[in-house]
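Student: I am new to this structure and would like a close look at one part of it. Please keep the explanation plain.

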Amino acid sequence: MEPFATLDDYQARYGAVPEADSGRVEALLSDATAMLLSAYLDRYSVEYPEGDHPEFERSAKAVTCAVVSRAFNSPMGMPGATQLSQGAGSYTASVTFANPTAEMWLSRNDRKRLGLTG
């Protein structure tokens, strides 16, 4: 099955992706599609029948892009880091990373949008 979203769909929602990262984003879009299909199978105990679930189909593209954004925008070069603090003189800055391991997951809201709850 083709991914639910394309690189163009992702860029329309989250901005331009550097050419060097386009292959990574396309692979993540494919992985996220597989995740959504698995979640559908877990919920309904049948393979996704294209055209039979309008709520799922209306949201699949946006949710696929959201899942990829959470994975793609994790800090590269700092695997497993959950926080970063920097200081210069009397100034300090701290950042807490929401997804330090670049894992992909479906949030409760994602599942609700897809009709996979209840």
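Is Arg70 buried, partly exposed or exposed, and what surrounds that part of the chain?

Tutor: Arg70 counts as partly exposed, because its relative accessibility is 22%. The model is a predicted one, and every value below is computed from it.

Arg70 lies in helix H3, so a short overview helps to place that helix. The chain has four helices and two strands. Their order along the sequence is α-α-α-β-β-α. The chain has 118 residues, and 34% of them count as buried. Among contacts with a separation of 6 or more, 66% are between residues 24 or more positions apart.

Start with Arg70 itself. Arg70 sits over the face of Trp105, 4.7 Å from the centre of the ring. Next to Trp105 in the numbering is Met104, and the C-alpha atoms of Arg70 and Met104 are 6.9 Å apart, although 34 residues separate the two along the chain. Another link of this kind involves Ser107, which is placed in the loop between strand E2 (91–96) and helix H4 (108–114). From C-alpha to C-alpha, Ser107 is 8.6 Å from Val67, with their positions 40 residues apart in sequence. Ser107 counts as partly exposed because its relative accessibility is 21%.

Now turn to the packing of H3 against another helix. Two packed helices are described by the angle between their axes and by the distance between those axes. Helix H1 (residues 7–14) packs with helix H3 (residues 54–72) at an angle of about 75°, and the axes are 10 Å apart. H1 and H3 are therefore roughly perpendicular to each other. On the H1 side, the residues in contact are Asp9, Tyr10, Arg13 and Tyr14. On the H3 side, they are Lys61, Ala62, Cys65, Ala66, Val68, Ser69 and Phe72. Sorted by class, this contact holds seven nonpolar residues, one polar residue and three charged residues.

Two residues of that contact, Tyr10 and Phe72, also belong to the aromatic pairs. A pair of aromatic rings is described by the distance of the centres and the angle of the planes. The whole structure contains eight such pairs. In the pair of Tyr10 and Phe72, the ring centres are 6.2 Å apart and the planes are at 90°, an edge-to-face arrangement. This pair joins distant parts of the chain, with Tyr10 in helix H1 and Phe72 in helix H3, 62 residues apart. Tyr10 counts as buried because its relative accessibility is 2%. Phe72 also counts as buried, at 12% relative accessibility.

Tyr40 and Phe56 form another edge-to-face pair, because their planes are at 75°, with the ring centres 5.1 Å apart. Here Tyr40 belongs to helix H2 (residues 22–44) and Phe56 to helix H3, so the pair links distant parts of the chain that are 16 residues apart. Tyr40 is buried, its relative accessible area being 4%. Phe56 counts as buried as well, at 0% relative accessibility. Both rings are part of a cluster that ring pairs build from Phe4, Tyr40, Tyr44, Tyr48 and Phe56.

One member of the cluster, Tyr44, has a charged neighbour. Arg43 lies over the face of Tyr44, and the distance to the ring centre is 5.1 Å. The next residue in the numbering is Ser45, in the loop between H2 and H3. Ser45 has a positive phi, near 60°, and is not a glycine. Ser45 is exposed, because its relative accessible area is 62%.

A last residue to examine is Thr33, found in helix H2. Thr33 counts as buried because its relative accessibility is 3%. With neighbours within four places in sequence set aside, Thr33 is in contact with Glu2, Pro3, Phe4 and Thr64. Among these contacts, Phe4 is also a member of the ring cluster that includes Tyr40 and Phe56.

To return to the request: Arg70 is a partly exposed residue of helix H3, placed over the face of Trp105. Helix H3 also packs with H1, and Phe56 of H3 pairs with Tyr40 of H2.

Conventions. Residues are numbered from 1 along each chain as its sequence is written. This is a predicted model: local features need pLDDT of at least 70, side-chain atom pairs count only at pLDDT 80 or more; totals for chains, interfaces and linings use all residues. Side-chain values use heavy atoms; hydrogens and water are left out. Axes are lines fitted to C-alpha atoms, for helices over the stretch in contact, and angles run from 0 to 180 degrees between N-to-C directions. Angles under 35 degrees count as roughly parallel, over 145 as roughly antiparallel, 65 to 115 as roughly perpendicular and the rest as oblique. Contact means heavy atoms within 4.5 Å. Ala, Val, Leu, Ile, Met, Phe, Trp, Tyr, Cys and Pro count as nonpolar, Asp, Glu, Lys and Arg as charged, and the others, Gly among them, as polar. Rings of Phe, Tyr and Trp (its six-membered ring) pair if their centres lie within 6.5 Å; planes under 30 degrees apart count as stacked, over 60 as edge-to-face and the rest as tilted. Buried means under 20% relative accessible area, exposed over 50%, partly exposed in between (1.4 Å probe, protein chains only). A charge sits over a ring if NZ of Lys or CZ of Arg is within 6 Å of the ring centre and within 35 degrees of the ring normal.
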